[in-house]
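Q: Could you walk me through this one, starting with the RNA and then some helix packing?

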Amino acid sequence: MAQLRFHNTKTGQKEEFEPIEPGRVRMYACGPTVYDRAHIGNARQAVVFDVLFRLLRNLYGEGVLYVRNITDVDDKINARALELWNSDGAQSLADVVRVITNETIEWYREDMGALSVLTPDLEPRATEFIPEMIELILRLLEGGFAYVAEGHVLFSVDAYSAYGDFSRRSPEDMEAGARVEIAPYKRNPVDFVLWKPSDSNEPGWDSPWGRGRPGWHIECSAMSLKLLGNNFDIHAGGADLIFPHHENEIAQSICANPGSEFARYWMHNGLLTVNGRKMSKSLGNVITIKDLTNKGISGGAIRLTLLSTHYRQSLDWTETKLEENTRAMERWAGMMEDAPNCTGAVSPEIVAALSDDLNTPKAIAELHRLAKEGDFGSLKASVELLGLLTGESGTGRVQVEDGMQNLIERLLQERAGARGRRHFDEADRIRDLLLSAGVEIKDGPQGTEWSATSRFNPDRLEQGNPGDSAIVGGFADDG
RNA sequence: GGCGAGUUGGCGGAGUGGCUACGCAGCGGAUUGCAAAUCCGUGUACACCGGUUCGAAUCCGGUACUCGCCUCCA
C-alpha cells in the first residue's frame, strides 16, 4: 500500500498517516450551514475531501467511516427566516427555519450529486444532537472550564492553557486585534459561547439554563465525539475554520475529555478567489453550483477545475480555467465513449500522487499521460478514482432532443450537398452556424459526425445567424 | 497591529539539492476543399539580493510585492 502522507495543520508539517486503529479510518468534515445555495467554495471543500474519502476507501475499503455534518441551527439561518417570515401567517419562525433548512439540504444533495461527491457514511444534523450538546456543556461546567452568565454559557479560555496553540496565536494578541464588540458578561474577552438564550420566536430548546440554542462550535464537538469517539483520525474543513472554529472545538472537546487528543490529523483546504478577488457576498461575486449547471456546464468540468490546483493553495476561479477543463473533460469523455469495453487498473502513479498529500494536479497530469498513450482502461479506472466522469457529473456531452437532432441532421445534409457541389462558402456558413450553437462537427472518411457540447444553445440554430461568430467557443449567452 | 500563505516559461500549474512534469495557447509539419478533431515535432522558466554547496527553482538570511485569516464565511 502506498504510504499516505498528509499536511497536518496541528503540527504544520507533512506527516505519515497511520490510523489510530489499524485498518480503520474515522474522519469528520465540517459540512454546510444550510441557509443558501452551495457556492464553489463550499464545493471545493466537499470535492477535495471526497477525493480523500475515495482514496481512503481505495486503500482501507469498508474500514473507513466518514461523517460530514449539516449545520441546521445557526443565526444566519434565523436571519434568513426572519426575512421570509410573515408574522401574520400561521407559521412560526421556527417553522420557516425548518422549511429553509430542509429545502437547502435538498439543494445541497442535488448540487453535490452533480459534482459526483459521494454521500458520506453519516450526515448528522445539529438539531438531532441537542441533548448531546447539553450533556457536553454540563461536563465542561462541572470541570470548571465554563461558566454561566446572563443566560449564556461561556467557555473559559483561561481554564485551558493550550488555547491558541492550534491556530498559533496567543489570547493576548487576539484580544488586542479583536474587532468584535466585547460582551460585558465575559470574564475574558476571548471566551466564546457554548449556549445562548433564544427569544420566543427563535428556535430554541429547553436546557438547564433556560430555553436557548447552542453556540456555533459545540455541535461539531458533540457530533464527532458521539459518532467517532474521543480520539479519531482526521478532521477536515476550510482554512477559514482554523480559527476560531477548530481552535474552539479542540478546547471544548479535550477539556470535556481530559487526556484525550480529539482529532489527530487536521486537514484544511485553501480558499477560493474569483478573478483574483476574494469571493464574498458583499462583493457580489459569489458563484453557486446552480449558476454553473444552469449555464450547461458539466459537474465534471467544475470538479476538474476544483481539483486542478493543490487543495492547500488558494484557487483563483476564472472562466478561462473552467473552459480549459471543460475541454479536457469532453476529450476524455469522447475517448471513454469510443472505447466502452476497455478495462484496467487505477494507475499506481495516481494513487502515489494522491497519497502524497492529495496531489491532484500531479494525478491529473498522469491522466493526460494515460490519455496520450491510449491506455483507456487505466484512464477510465483512474478517472473514476478521482470521481470524474462518474454518475451525474456527466460526460460533458449534451443530449439533444429529437426535433433538434433532425434540424442538425438536415443542416448537415445541406452542407454535404453544398460540399458535393464544391460550394464551400455555403458549406462553411452551415458549419459556422452549428459551431455558434455549440455543435461540433468532424468530417471523417465515413462521413460527418457531430456532437453537442456543453455550450449547446438551440436558439442559435433557430435564429440562424452564422455571421455572428464572436461567441464561438465562448460561454456568453447574450452574444 | 498579530498570524500565515504565496511569488515557476504567454497563461494555468506540479516539483524540496543534480535527470529541469503536465495542460492550454503559440509555432512547424502530417491530414483537410478550407476547417475541426487527431497525430508528430517544438518550450531551459523559476520575484530580487546575498550565503551554504562540486552543484539550488529546491537549503539558509534578507528585501520587495501579492493574497488570506484574526468579524459571518468553506
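A: What follows is a short exchange on the surface around the RNA and on one helix pair.

A: This is a predicted model, in which local features need pLDDT of at least 70 and side-chain atom pairs count only at pLDDT 80 or more, while totals for chains, interfaces and linings use all residues. Residues are numbered from 1 along each chain as written, chains are lettered from A and ligands numbered from 1 in written order, and side-chain values use heavy atoms, without hydrogens and water.

Q: Which residues come nearest to RNA strand B?

A: Of the 45 residues around RNA strand B (a heavy atom within 4 Å), Lys 76, Trp 216, Gly 238, Leu 241 and His 310 come nearest.

Q: And which side of the strand faces the protein, sugar or phosphate, or bases?

A: Of the RNA strand B atoms within 4 Å of the protein, 58% belong to sugar or phosphate and the rest to bases.

Q: What does Asp 428 have a polar side-chain atom close to, at 2.9 Å?

A: That atom of Asp 428 lies 2.9 Å from a base nitrogen of RNA strand B, whereas a polar side-chain atom of Asn 359 lies 3.1 Å from a sugar or linking oxygen of the strand.

Q: Switching topic, how do H9 and H10 pack?

A: Helix H9 (residues 299–307) and H10 pack at about 120°, with axes 8 Å apart; the axes are lines fitted to C-alpha atoms over the stretch in contact, and angles run from 0 to 180 degrees between N-to-C directions. Helices here are DSSP runs (H or I, at least four residues), numbered from the N terminus.

Notes: A polar contact is a pair of N or O atoms within 3.5 Å; within protein, one must be able to donate a hydrogen and the other to accept it, and residues adjacent in sequence count only if both atoms are side-chain atoms. Helices (H or I, at least four residues) and strands (E, at least two) are DSSP runs, numbered from the N terminus.
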